[in-house]
Amino acid sequence: MIEGIRRIQDMMEREQYVTDRAVATTAFLAMELKKPVLIEGQAGVGKTEIAKVLATALDTELIRLQCYEGLDVNTALYEWNYPKQMLRIKMEEGSHRDVTQQESEIFSDQFLLKRPLLRAISNQEKAPVLLIDEVDRADEEFEAFLLEILSDFQVTIPELGTISAKFRPYVVLTSNRTRELSDALKRRCLYLWIDYPTFDKELRIVTRKVPGINERLARQIAMFMQAIRQVRLNKTPGVAETLDWAMAMMALHQEHLDPETVSETLGSFIKDRDDVAKLRGKPLDIMLSSMNGVEEEDLQAWIQSVTQRLEKEVATR
Amino acid sequence: MDSVGDAAAREGSRYALKSRAKHADLQRHVMAFGRELRARELLSTSSEIVDSLRCMEMVDVADRGDVYLGMRSVFVSRPEDVPIFDEVFNQFWRNIARIDEIDETANNDDMSPDDQAGDQMEEGGEGQEQLQLSSPDGDGGEGDEEGDEEALPLYSPVEMLASKDFSRFQADEMQEIARAVLVIAKRLATRESRRVRVSTKGHQIDPRRTMRRNMKYGGTILELARRRRKIRKPKLVLICDVSRSMDTYSRFLLQFIHALQNTIGRVESFVFSTTLTRVTDYFRHEEILEALDRIAREVHDWSGGTRIGQSLTTFNAQYAKQLVTRNSIVLILSDGLDTGDAEILRLAMEEIEERAGKVIWLNPLLGSKDYRPLARGMSTALEHVDVFAPAHNLSSLEDLGRHLVVRR
């Protein structure tokens with residue numbers, strides 16, 4: 001691994017983001033090649049987090065554009081502050097000033113509402129991190145527009161002229177894959193798929209993010225989550241849920257997992273009514289009773305056997 | 001880093017170490033590698049090759065992890081690509097490694113592996129000609145027995161119960177149907193696009209409401225009223241039965257799917273008989289005849305038996321979460337003659353109904369007067385279907401248009 005990648009990895013770890021080599025390498029290449037990164041993965045695996053951590057680590061501004069169906073250029077790029085312009089015109093009505101001068105005044109910077117994309121290219125001090133979140137939710141038309149911005153990093157405002165980026169922003173796009181993005185957008189980006197974490201990674205995340213948690217509880221929680229993700233649920237819990245749960249256990253001063261408390265706190269990480277009903281009772285017992293004394297090297301075997309038993313149990317319900 | 005890539009990366013590093021000295025080799029190898037990926041349907045054109053070469057300049061090409069991860073971030077563009085990438089990566093760099101080994105044993109009998117590696121660097125790419133074996137446009141795969149054995153498996157032949165040759169269909173007949181289907185699909189699409197125009201107007205100011213709203217300010221316009229988009233375009237998910245019992249219709253229906261996808265966009269398509277295959281990409285750019293030909297060749301067990309329940313369960317497990325929302329219409333084209341478990345089908349349909357805005361089942365048998373949906377599979381499925389319609393001729397497809405709206 002070369003120095004640059006290690007540096008980024010350290011940087012992200014310092015910001016309490018448990019990373020792995022794939023993430024660090026992609027982030028490094030994106031910075032070096034000045035290419036946007038497209039991050040895909042299930043909900044709750046920390047896609048958005050990467051952009052936030054990058055911004056903190058680089059000590060720069062994070063600009064976030066949340067996408068949704070119907071997101072348009074006005075909301076994403078810029079808009080004239082119409083009410084303010086109207087007021088100005090009204091105020092100027094009595095004065096007999098030159099019309100062209102008036103016009104250039106009301107179409108100046110102070111009447112411009114800068115939206116995320118414009119802000120991202122008009123930073124004068126250093127390159128910001130631009131997070132375009134859940135880009136799959138925006139329409140195809142918007143995607144096409146985005147493509148244009150991402151290739152030129154400049155915007156033409158008819159009344160003001162062309163604004164081009166002094167510092168090219170670091171661009172991070174995330175997608176939950178509710179639809180396939182266009183090939184054109186994909187090929188403009190480096191691609192990173194983030195899966196649910198492995199046991200080791202999840203354990204590290206829990207110990208890092210939940211200070212004061214004891215080793216045994218952290219291990220048990222990580223094991224539990226590894227197994228539960230193998231069960232077919234409507235909403236598979238992500239890392240965010242793992243952390244919520246660990247926090248909940250800490251708040252209840254629990255030292256280890258016991259059936260009663262797990263059953264009570266199930267709602268903090270299983271967020272679908274049917275799933276809760278599916279798991280409560282016997283399935284939880286199966287998991288918790290077999291969990292003790294499982295060593296590191298038996299972990300995969302345990303996960304396999306316990307998910308088989310779980311599937312059987314869940315299927316009969 | 002993940003375990004799949006690890007082995008692949010290790011192979012890469014052997015090669016990488018040597019090519020550090022020879023950038024031209026790297027370039028050639030990456031190009032051949034890119035071609036191979038393209039043959040496997042990954043997004044790999046000259047721009048990706050340029051990008052990956054730029055990546056290689058940035059990372060340590062002697063490091064297995066760097067090479068693998070760098071290339072992966074360029075060539076892979078969706079999670080399904082990863083296993084294919086790993087396989088090709090593994091295969092490709094192993095071939096090169098093996099060629100190197102042959103050279104090494106031929107040239108340096110007594111040297112330690114480390115020395116050999118160093119030596120190889122100076123000798124450069126003697127393996128060049130042989131490398132071509134692994135690229136698709138190389139001059140044949142002669143000589144390399146091991147390579148034959150491990151040749152890239154295009155698609156597993158195990159489930160290929162029957163492979164049909166579409167070229168036997170009469171061309172003129174095909175053309176005529178294709179034309180008719182295209183007309184219908186276009187008609188459906190324009191209906192769609194009228195609504196699109198309304199929705200893009202939604203970004204604009206509504207003068208009438210603006211005036212009315214600003215009456216209270218004595219006619220000074222302070223608040224702007226805008227039009228909002230009201231109707232959302234539905235997404236279509238087509239799932240077509242290509243089992244033996246559907247033979248007479250499936251060809252016809254697939255053409256319809258093809259035409260629909262190429263005029264409307266926002267269409268995802270699948271075919272199934274005993275297993276489910278996503279065919280959206282097959283239909284995306286290609287000529288209809290080519291697409292059909294390729295599907296017949298590559299889809300497992302074309303014209304085999306039917307397991308609707310199983311196939312729909314697969315659909316739910318792998319795709320539904322991503323592709324089906326309340327704004328989607330799921331269109332199933334099947335005769336409902338299932339040989340599988342009716343309970344599985346019921347559960348699968350239940351889940352689809354829950355996710356989708358609308359479920360339409362097109363059944364060609366419905367065209368005959370005597371047909372009653374009594375087949376076990378069909379009658380269970382019907383409980384979870386919003387529209388049950390025939391699909392045996394052109395006019396029944398045309399009627400489909402009025403169902404293609406999600407009501408809220």
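**Two chains, their contact and their cores**

Let me begin where the chains meet: 28 residues of chain A are in contact with 29 residues of chain B, contact meaning that two C-beta atoms, placed from the backbone, lie within 7 Å. Please keep in mind that this is a predicted model, in which local features need pLDDT of at least 70 and side-chain atom pairs count only at pLDDT 80 or more, while totals for chains, interfaces and linings use all residues. Residues are numbered from 1 along each chain as its sequence is written, and chains are lettered from A and ligands numbered from 1 in the order in which they are written.

On the side of chain A that touches chain B, α2(A) gives the most, with seven residues; helices here are DSSP runs of H or I with at least four residues, strands are runs of E with at least two, and both are numbered from the N terminus.

Turning to the interior, the largest nonpolar core has 102 residues, and A:Leu192 is among those with the most contacts inside it. Such a core is a set of buried Ala, Val, Leu, Ile, Met, Phe, Trp, Tyr and Cys residues joined through C-beta atoms within 7 Å, where buried means that 20 or more other C-beta atoms lie within 10 Å of a residue's own. Beyond its neighbours within four places in sequence, A:Leu192 is in contact with residues including A:Val37 and B:Ser73.

Finally, chain B holds an open sheet of six strands in the order β3-β2-β1-β4-β5-β6, with mixed pairing, where two strands pair if DSSP finds at least two bridges between them. Because β3 and β6 of chain B stand at the edges with a single partner strand each, one side of each is left without a neighbour in the sheet. Strand β2 of chain B runs antiparallel to β3(B), joined by three bridges, and B:Phe272 stands opposite B:Leu276 in β3(B).

Conventions. A residue is buried if 20 or more other C-beta atoms lie within 10 Å of its own, exposed if 12 or fewer, and partly exposed in between; C-beta atoms are placed from the backbone.
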